[in-house]
Amino acid sequence: MAGTSLGARLYRQIKRHPGLIPMIGFIGLGMGSAALYLLRLALRSPDVCWDRKNNPEPWNRLSPNDQYKFLAVSTDYKKLKKDRPDF
């Protein structure tokens, strides 16, 4: 068993215990969802600045109608008015 790869050992365990299949599926789904959410936060969030030369303060370029939250339960972003000054 010392020379076998991780994939071969996992395959043997799944053949021996088929109840592991749903658990592995749910863990994989959870890890994939977490990775996609972190990618979305890194690319779409106004708090993250990837280019400091051209856009040093990305949060100042947001209009009040931009929805940057993942889920807004009771806020309609189309009806918001600008309440801050331009810089």
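1. Does Met23 count as buried, partly exposed or exposed, and at what relative accessibility? In this predicted model, Met23 counts as partly exposed because its relative accessibility is 44%, and partly exposed is the class between the cut-offs of 20% and 50%. The residue is found in helix α2.

2. Met23 is also one of the residues of a nonpolar surface patch of about 480 Å². Leu10, Ile24, Ile27 and Met31 make up the patch together with Met23. Helix α2, which covers residues 20-44, supplies the largest share of this patch, with four residues.

3. An annotation bears on the helix. UniProt, in an unreviewed entry, places the feature "transmembrane region" at residues 20-43. In the model, residues 20-43 are 100% helix and 0% strand. The C-alpha atoms at the two ends of residues 20-43 lie 35 Å apart. The annotation may be inferred rather than shown by experiment.

4. On the chain as a whole, there are two helices and zero strands. The protein chain has 87 residues, and 6% of them count as buried. Its accessible surface comes to about 8,000 Å², and carbon and sulfur atoms account for 61% of that surface.

5. Contacts along the chain can be split by separation. Among contacts with a separation of 6 or more, 13% are between residues 24 or more positions apart.

6. The last point concerns Asn60, which is placed in the segment after α2. Asn60 counts as partly exposed because its relative accessible area is 37%, a value between the same 20% and 50% cut-offs. Pro46 and Asn60 are 14 residues apart along the chain, and their C-alpha atoms are separated by 8.7 Å.

Key: Residues numbered from 1 in each chain as written. Predicted model: local features only at pLDDT ≥ 70, side-chain atom pairs only at ≥ 80, totals over all residues. Heavy atoms only, no water. Patch = residues over 30% accessible without salt bridge, like charges linked within 9 Å, V, L, I, M, F, W, Y side chains within 5 Å. Areas by Shrake-Rupley, 256 points an atom, 1.4 Å probe, with all protein chains shown as cover. Salt bridge = Lys/Arg side-chain N within 4 Å of Asp/Glu carboxyl O. Buried < 20%, exposed > 50% of the residue type's maximum accessible area, 1.4 Å probe, protein only. Contact = heavy atoms within 4.5 Å.
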